[in-house]
Amino acid sequence: MAEPELVDWDIAVATGRRLVRPGPQLTRAEADEIVADLRELAVEAEKHVVEYTRLIPQGAAPPVVVVDRKEWLRSNVAGLRAITTPLLGKLAARSGSGPVSRSIGRRITGVQIGGALAFLAGKVLGQFEVFLPPDEVPGPGGRLALVAPNIAEVERKIGAVPRDFRLWVCLHEQTHRVQFHAVPWLRGHLESEVAAFVDATDLDPSALAARIKSAISAVRRRDGTSLVEAMQTPEQRAVLDRMQALMSLLEGHADQVMDAVGPQVVPTVAAIRQAFEARRDGGSPLDRLVRRLLGLDLKMQQYRQGGAFVRAVVEAVGVDGFNEVWTSPETLPTRAEISDPKAWMQRVLAAPVLGPTA
């Protein structure tokens, strides 16, 4: 008989579903309209993204789905379960706890994960779900999920023209879908980095206790270090640096594409961008604290740093020059190069960068 997993994933789903906030009040007609609109605009956005980025999709296209908060939560539990199985298996092999304490622990962890995802389920507008298990999607390509109630809620709060805002969101999310659809090695590379992170995990109890203490001190110091970063070993931090650089690239590229394509197809894009940036930086003190603990501040930093990197490279060498980044894992920017685009261009393009070129 197989050992039970260290997380009670059913409790995670049940807890999340119980805690997730209800979406905005919509009539059935309004709900049907936004679902149909998002499906149509996702197709339109893909055409704009492919035309601008010149990335050629390969193989079967990952599906696009429009979901509510509870379905987003459920699918993220499934993805989290799939990607964390190796690490949790390693933890289980080292665990010396008895069956009773392990049972209690897996339930508590399930509740914690469900609570965190319940918070996020009310924030995420869309997500390219890379690590869904095979029974969730056909093939290994992942899927793009657009969270209809969150899109409806934000467009109301910022007073956006609904169709413009929906297309603007679809431009960003479809860029992620195109990235993984057109760059066949990208998903495998991300999986190998996760595996490297697991291999670098130090499970010695005294070392774990020391890192927890250090992480708590870092959060109290408010020195810009996230709780996630502070908990890592030096080996894990090296992997995390590479992963953070990659995520900054992916998010920054999507942000740059939104800004490059948006003015041509979204009439009110300037007002949307201004209102959305103000929303990113706002929220109650409690909301900001939770966002920091969950690493969402880090994600906002990725948008900005990655966007600045992509804009600088495209301005200097054009879209085709920037697309050299997708050649192989070796041509991806390092974390230092994300902040120094010229260093990446000099290393990868093998030529001095003198200034903008057409």
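**Salt bridges, a helix and two cores**

In this predicted model, a network of salt bridges links Glu71, Arg74, Glu129 and Arg143.

Q: How many salt bridges does a search of the whole structure find?
A: The network of Glu71, Arg74, Glu129 and Arg143 is held by such links. Side chains of opposite charge can pair when their charged atoms come close. Searching the whole structure turns up 18 salt bridges.

Q: Which residue of helix α5 meets arginine 166 in a salt bridge, and is it buried or exposed?
A: Arginine 166 sits in helix α6 (residues 162-182), and its partner is in helix α5 (residues 148-157), so the pair ties together parts 11 residues apart in sequence. The N to O distance is 2.7 Å. Both side-chain partners are residues that count as buried. The one in α5 is buried glutamate 155.

Q: How many residues apart are aspartate 259 and arginine 311?
A: Their side chains meet in a salt bridge at 2.6 Å, N to O. This pair links distant parts of the chain, with aspartate 259 in helix α10 (residues 234-265) and arginine 311 in helix α13 (residues 296-322). Aspartate 259 has 28% relative accessibility, so it counts as partly exposed, and arginine 311, at 30%, is partly exposed too. Along the sequence, the two are 52 residues apart.

Q: Arginine 347 and glutamate 337 meet in a salt bridge; which of them is buried?
A: The N to O distance here is 2.7 Å, and the pair joins helix α15 (residues 341-348), home of arginine 347, to helix α14 (residues 335-338), home of glutamate 337. Arginine 347 comes out at 40% relative accessibility, so it is partly exposed. Buried means under 20%, and a relative accessible area of 8% puts its partner there: glutamate 337.

Q: What span should helix α7 have, and how far apart are its end C-alpha atoms?
A: Helix α7 covers residues 186-199, and its buried residues include Leu186, His189, Leu190 and Phe197. At 1.5 Å a residue, its 14 residues should span 20 Å. The end C-alpha atoms agree with that, being apart by 20 Å.

Q: Which residues touch the most other members of the largest nonpolar core?
A: This core has 60 residues. Leucine 249 gives a feel for the packing: leaving aside neighbours within four places in sequence, its contacts include Phe309, Val310, Leu332 and Ile338. A second, separate core of 17 residues includes Ile113, Leu120, Ala121 and Ala145. Back in the largest core, the residues touching the most other members are Phe165, Leu249, Phe322 and Trp326.

Technical notes. Residues numbered from 1 in each chain as written. Predicted model: local features only at pLDDT ≥ 70, side-chain atom pairs only at ≥ 80, totals over all residues. Heavy atoms only, no water. Salt bridge = Lys/Arg side-chain N within 4 Å of Asp/Glu carboxyl O. Helix = DSSP H or I, 4+ residues; strand = E, 2+ residues; numbered from the N terminus. Buried < 20%, exposed > 50% of the residue type's maximum accessible area, 1.4 Å probe, protein only. Expected span 1.5 Å × (residues − 1). Core = buried A, V, L, I, M, F, W, Y, C linked by side-chain atoms within 4.5 Å. Contact = heavy atoms within 4.5 Å.
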